Amino acid sequence: MSAPFGDHVSIVVFGASGDLAKKKTFPALFGLFRQGQLPASVKIFGYARSKLSQEDFRERVEPNFKTKNDKDKEKVKEFLDLCTYHSGQYDTDEGYKELLKEITEFEKSGNVSKPERLFYLALPPSTFTVVASQLKKLVYPENGAVRLIVEKPFGHDLESSRKLQKDLAPLFSEEELYRIDHYLGKEMVKNLLVLRFGNQLLNAAWNKEHIQSIQISFKEAFGTEGRGGYFDEIGIVRDVMQNHILQVLTLLTMERPVSFDPEAIRDEKVKVLKAFAPLNNDDILLGQYSKSEDGKKPGYLDDETVKKDSKCVTYAAIGARINNERWEDVPIVMRAGKALDESKVEIRIQFKPVPRGMFEQIQSNELVIRIQPDEAVYMKINSKIPGISTETALTDLDLTYSKRYSKDFWIPEAYETLIRDCLLGNHSNFVRDDELDVSWQLFTPLLNYIESDKAPVPEKYPYGSKGPKGLRDFLGKHNYVFTDEGTYQWPLTRPDVKGKI
Ligand code: BG6
């Protein structure tokens, strides 16, 4: 692990006038400041091509800051005083030289002898290399430390990802690079290692002897609204599966790392990724959303920014297998879709049935880890119906965060966690180069197939529905057993939770 940055740090956000900076980066920096988690003396420089006054810039970022009370509102003012905006080109020297002048002044004001600079590239990938090389040439301190945060997409396929790595490698070392996959900053994702390895009950049962199926599902209740042009080149598999879902799956299936050391964790992640069987072209279900049933919500192809006959996949369910001692033959399903009936990301682990014998009818255990919304871990277990009844029913052992932890408890946003980790020099929740490479090795052949004429045409599903009709069968084929609602005793506190797909 690198040494934590000290108490005098310059942070530069490139792409400061863009959407990501507005919605995620600056709100996260504010959140950290509000919680007293930024270095004692910090200056934040926004840099982008757009010509914005300081006032315009502040008005742009401020509405996304989260405040609960007047004290927080005061903090907004204090925070904005730490920020300045600079407009400059990405490919010429001038803007960088001005930026360097301001950074150096700030460092002089604190008598800093070893400058510490964090560069955050909230930029489209086409500009990564040019900005990184300009930074190296003009703003890289000779005797200090630099960290460079980059955002996905890290390439479009294996070849382009390798090219990007090859271009960045001579400029910034792996130690200096922090590749963000924001799912790794989510609270419940960070909890996975503790849940798995900190509980003998789960630890002991976490293998093919006891687990019957694994499912990770990502559902969004909105379509590509406004992002169609971008999405059309990408599709759901690149957008969330090759990265977010795979990261979650990796943490769920890797072996126990020797410690929480970032490299120990990342070594294990790479190892399990290498054990994945090639993804099978025939083990997929593809969909594209059409108009909602009431006609009010547009279909994907109604978006004027997408190709008229686009076969872009907005829903995918993909079967995976891991060929190692722990997981051989356990069916795994990754599924993700836009414009569905709800927004929810969760993991479902179904356990094998207990021997019947004494029970006429008994269901299997299922562990559900809900990443969002409303983080929760609950385990469906069999229990006797209380009272004179001798029947069994399925019920929950339930750890729903909103019920268990006080509302005042600060659960950082993913981006807050990750920027803080970067300041601390902790790479655990960032993607390493070899990890990225294996994930593209796994997905590129399948993506080539999906985007070829040989692939099935994506099945249409209405906006706001559960997804393609074939989903139930697809899950069934992967050993997923649907809970018999009749025997499931929903806790009184969650009577609204119904329907599991
Ligand atoms: C992004 C994808 O990486 O993740 C988006 O590009 C997706 O399409 C988003 O909506 C989901 O992130 P979250 O944190 O809202 O679940």
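Visitor: What makes the approach of Lys152 to the ligand a polar contact?

Guide: A polar side-chain atom of Lys152 lies 3.0 Å from an oxygen atom of the ligand. A polar contact is a pair of N or O atoms within 3.5 Å (within protein, one must also be able to donate a hydrogen and the other to accept it, and residues adjacent in sequence count only if both atoms are side-chain atoms), so the Lys152 pair qualifies. Do keep in mind that this is a predicted model, where local features need pLDDT of at least 70 and side-chain atom pairs count only at pLDDT 80 or more, while totals for chains, interfaces and linings use all residues. Residues are numbered from 1 along each chain as its sequence is written, and side-chain values use heavy atoms, with hydrogens and water left out.

Visitor: Which residues surround the ligand?

Guide: With a heavy atom within 4 Å as the criterion for being near, the surrounding residues are Lys152, His182, Tyr183, Lys186, Glu220, Arg227, Asp239, His244, Lys338 and Gln372. Lys186 places a polar side-chain atom 2.6 Å from a ligand oxygen, and for Lys338 that distance is 2.8 Å.

Visitor: Why are strand 3 and strand 6 called edges?

Guide: They belong to an open sheet of six strands in the order 3-2-1-4-5-6, with parallel pairing. Strand 3 (83-87) and strand 6 (177-180) each have a single partner strand, so one side of each lacks a neighbour in the sheet. On average, neighbouring strands here are turned by 20 degrees against each other, direction ignored.

Visitor: How do you know that strand 4 and strand 5 pair?

Guide: Pairing requires at least two bridges found by DSSP, and strand 4 (residues 116-121) shares six with strand 5 (residues 145-151), in the parallel sense. In that pairing, Tyr120 stands opposite Ile149 of strand 5. The strands are DSSP runs (E, at least two residues), as are the helices (H or I, at least four), numbered from the N terminus.

Visitor: What makes helix 11 and helix 12 roughly perpendicular?

Guide: Their axes come within 9 Å and cross at roughly 100 degrees. Axes are lines fitted to C-alpha atoms, for helices over the stretch in contact, with angles from 0 to 180 degrees between N-to-C directions. The classes are roughly parallel under 35 degrees, roughly antiparallel over 145, roughly perpendicular from 65 to 115, and oblique otherwise; helix 11 and helix 12 are therefore roughly perpendicular.

Visitor: Which residues of helix 11 and helix 12 meet?

Guide: Taking contact as heavy atoms within 4.5 Å, Leu246, Gln247, Thr250, Leu251 and Thr253 in helix 11 meet Lys269, Val272 and Leu273 in helix 12.

Visitor: And why is helix 5 called roughly parallel to helix 6?

Guide: The axes of helix 5 (residues 128-138) and helix 6 (residues 158-168) come within 10 Å and cross at roughly 10 degrees, which means that they count as roughly parallel. Phe128, Thr129 and Ala132 of helix 5 meet Leu164, Asp167 and Leu168 of helix 6.

Visitor: What makes strand 14 and strand 15 edges?

Guide: This open sheet has nine strands in the order 14-13-12-11-7-10-9-8-15, with mixed pairing. Strand 14 (392-400) and strand 15 (459-462) have a single partner strand each, so one side of each is left without a neighbour. Elsewhere in this sheet, strand 11 (residues 344-351) and strand 12 (residues 366-372) pair in the antiparallel sense over six bridges, and the bridge partner of Glu346 is Arg370 in strand 12.
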